[in-house]
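Student: I should like a close look at a single part of this chain, namely the surroundings of one aromatic residue in its nonpolar core. Please set that part in the context of the whole.

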Amino acid sequence: ATVRNPYYNIKAAPYGAKGDGTTNDTTAIQAAIDAAEAAGGGVVYFPAGTYKTTAQLLVDSHGVTLKGSGPKSSIIRSDFAGIGVYAKGTVYVNVNNFALEGLQVTSTSTYATTAVRIESVAHFQVSNCIIWGENAATAGGIGMKICGSAYGTITNILCQMKGNVSS
């Protein structure tokens, strides 16, 4: 029997993310995303914890959901300049059915950052999330950028950039 929307728990083997806020969990998380994509879609589950990343998390295939246990308990902390979570299709092929649910995506870089970018995606959903940028306001940071995408639903989110504003 085929399992619809299989779960990929990023803390479980073979992924082994720690979620302790200090260990670099980028490789473990991306491996779970890649496994979901290879299976034709699925839910990449983030149990409670703070997941430090040092490179972008890329979703470029259909049917992937990044799901946490709540935006105050499942946190992706991007510690680099760039895009934290990037759902990306191409000019010719849209990614279909992407979702971001119950997560906080936080950028701690002092350089220009985008916490979440959704590009060339059809049928996307962002719900029950906090998109937060620490100190990124002074460097031209963006909380969430959506471009070239269609049929999206955004519900119950807090999107904020925090930083010093010079006069």
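**F46 and its surroundings**

Tutor: In this predicted model, residues 24 or more positions apart account for 78% of the contacts in the chain with a separation of 6 or more. The chain has one helix and 14 strands, and 46% of its 167 residues count as buried. Its accessible surface comes to about 7,800 Å², with 51% of that area belonging to carbon and sulfur atoms.

The residue to examine is F46, which is buried. F46 is listed among the residues with the most contacts inside the largest nonpolar core, together with V44, L66, F98, L100 and V116. That core has 33 residues. At least two of its residues come from each of α1 (26-38), β3 (42-46), β5, β6 (64-68), β8 (83-88), β9 (95-101), β11 and β12 (121-134). As a general point, nonpolar side chains in soluble globular proteins tend to be buried together.

Leaving aside neighbours within four places in sequence, F46 is in contact with I10, I29, Y51, L66, K67, G68, S69, S74, I76 and L103. One of these, L66, is itself named among the core residues with the most contacts.

The aromatic contacts of this region deserve separate treatment. A search of the whole structure finds two aromatic pairs. One of them joins Y7 and Y45 in a tilted arrangement, 5.9 Å centre to centre with 50 degrees between the planes. This pair links distant parts of the chain, since Y7 lies in strand β1 (residues 7-9) and Y45 in strand β3, 38 residues apart. Y7 is exposed, with a relative accessible area of 52%, while Y45 is partly exposed at 22%. The rings of F46 and Y51 have centres 5.6 Å apart and planes at 80 degrees, so this pair is edge-to-face. Both F46 and Y51 are buried.

Some strands that supply the core also belong to an open sheet. Four strands form this sheet in the order β5-β8-β11-β13, with parallel pairing. Because β5 (57-59) and β13 (142-147) stand at the edges with a single partner strand each, one side of each is left without a neighbour in the sheet. Neighbouring strands of the sheet are turned by 10 degrees against each other on average, direction ignored. Strand β11 (residues 114-119) pairs with β13 in the parallel sense over five bridges, and I146 in β13 is the bridge partner of I118.

Notes. Residues are numbered from 1 along each chain as its sequence is written. This is a predicted model: local features need pLDDT of at least 70, side-chain atom pairs count only at pLDDT 80 or more; totals for chains, interfaces and linings use all residues. Side-chain values use heavy atoms; hydrogens and water are left out. Buried means under 20% relative accessible area, exposed over 50%, partly exposed in between (1.4 Å probe, protein chains only). Contact means heavy atoms within 4.5 Å. Accessible areas come from the Shrake-Rupley method with a 1.4 Å probe; for residues, only the protein chains shown count as cover. Two strands pair if DSSP finds at least two bridges between them. Axes are lines fitted to C-alpha atoms, for helices over the stretch in contact, and angles run from 0 to 180 degrees between N-to-C directions. A nonpolar core is a set of buried Ala, Val, Leu, Ile, Met, Phe, Trp, Tyr and Cys residues joined through side-chain atoms within 4.5 Å. Rings of Phe, Tyr and Trp (its six-membered ring) pair if their centres lie within 6.5 Å; planes under 30 degrees apart count as stacked, over 60 as edge-to-face and the rest as tilted.
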